[in-house]
Amino acid sequence: MSPKPPRLRTVLAVAGAAVLTRRALRRRIQASPLWPLPALDEPVSGRPRSRALRLRVTARETVAEGVVRLRLEGHGLPRWEPGAHLDLVLPSGLVRQYSLCGDPADDSSYTVATRLIEDGRGGSREVHEQLAEGTEVEVRGPRNRFPLTEADSYVFVAGGIGITPLLPMLRTLGGHAPWRLLYCGRSRASMPFLAELAALDPDGTRVTVAAGDEHGRPDLDALLTGLAAGTAVYCCGPEGLMAAVAERLPEGTALHLERFAPRAATGGDHAFEVELRRSGRTVTVPADTSVLAAVRAALPDTAYSCEQGFCGTCEQRVLEGEVDHRDELLTDAERGGSLLICVSRARGERLVLDM
């Protein structure tokens, strides 16, 4: 075989170098989309980088009536801070969010607890019935929309399973800052982590347990009246409890809320049209129907999961129209061009979506 001409050898060498350069550049950009700037641990949007992890359930324990605690183990897990939650991708494909209630310093496992909701949409039942010890489960996150901020003092109000995001906060504060907790529930038997809370409050001055079958309604006025300016109030629980806390919040205090259910509608919903620009269709969204339901009637393969505005699976780009945002996920910047169609609606008569 005759040797390649010098010019052909030069062309091949340049082409080979170009291929290697493109591959290296592609790897660099994947590591940092803002290249040549360094990769960010948390993007400027405020939504942390999230990669799917496969973790194994290594411990499962019933910690109260209808409440199980799961230990999920892996290696070199992403760090988290009190208030963070995980997305659990359940065997059926449903995605549900659960607050981390373990030790943030433990990089080998995550701990979550979930209450069985008998009349729920199936996620909690799937956790209780299918996530046994030894089961592998996919998780995404952690994400934190409920961080512990610096304050002169703290007041925490938990309703039932709402204790889970607050527990790591109480451990972190310990004796380093003044804090009080009002923990509400139907009965002591239904309230997880009572023993651990007692250990965090050995003299019994910080934690008040308000079991409904013992004391009736909790006394929020006694807890919140006269709070000093600079106090941070954290509340997680049913919508009614959070609304009651907000109504009684003294001036000069900061309220932080974590919802496990979509925000209650304020009423006045109206019908509107949604143009699906890429598919060339227009659908009508009745006042009592979500955008997701109306869109799926026309495009059945539209992705969704939580239907509560938490997971982001159904996020769509907005091309035209003003959005009434009702989600618990998107930042203000992200809301400028996106919406979660499972909960959010149009403020006017029409939206145009890039789908």
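Reader: How many aromatic pairs does a search of the whole structure find?
Author: This is a predicted model, where local features need pLDDT of at least 70, side-chain atom pairs count only at pLDDT 80 or more, and totals for chains, interfaces and linings use all residues. Residues are numbered from 1 along each chain as its sequence is written, and side-chain values use heavy atoms, with hydrogens and water left out. Rings of Phe, Tyr and Trp (its six-membered ring) pair if their centres lie within 6.5 Å; planes under 30 degrees apart count as stacked, over 60 as edge-to-face and the rest as tilted. Searching the whole structure that way, the number of aromatic pairs comes to three.

Reader: What is the angle between the planes of Tyr154 and Phe156?
Author: Tyr154 and Phe156 are both buried (under 20% relative accessible area; exposed is over 50%, partly exposed in between, with a 1.4 Å probe and protein chains only). Their rings sit 6.0 Å apart, centre to centre. The pair is stacked, with the planes at 10°.

Reader: Which residues form one aromatic cluster with Tyr154 and Phe156?
Author: Tyr154 and Phe156 belong to a cluster that takes in further aromatic residues. Besides those two, its members are Phe146 and Tyr234.

Reader: And what share of the residues of the chain count as buried?
Author: The chain has 355 residues. About 18,500 Å² of the chain is exposed, with 51% supplied by carbon and sulfur atoms (Shrake-Rupley method, 1.4 Å probe; for residues, only the protein chains shown count as cover). As for residues that count as buried, the share is 43%.
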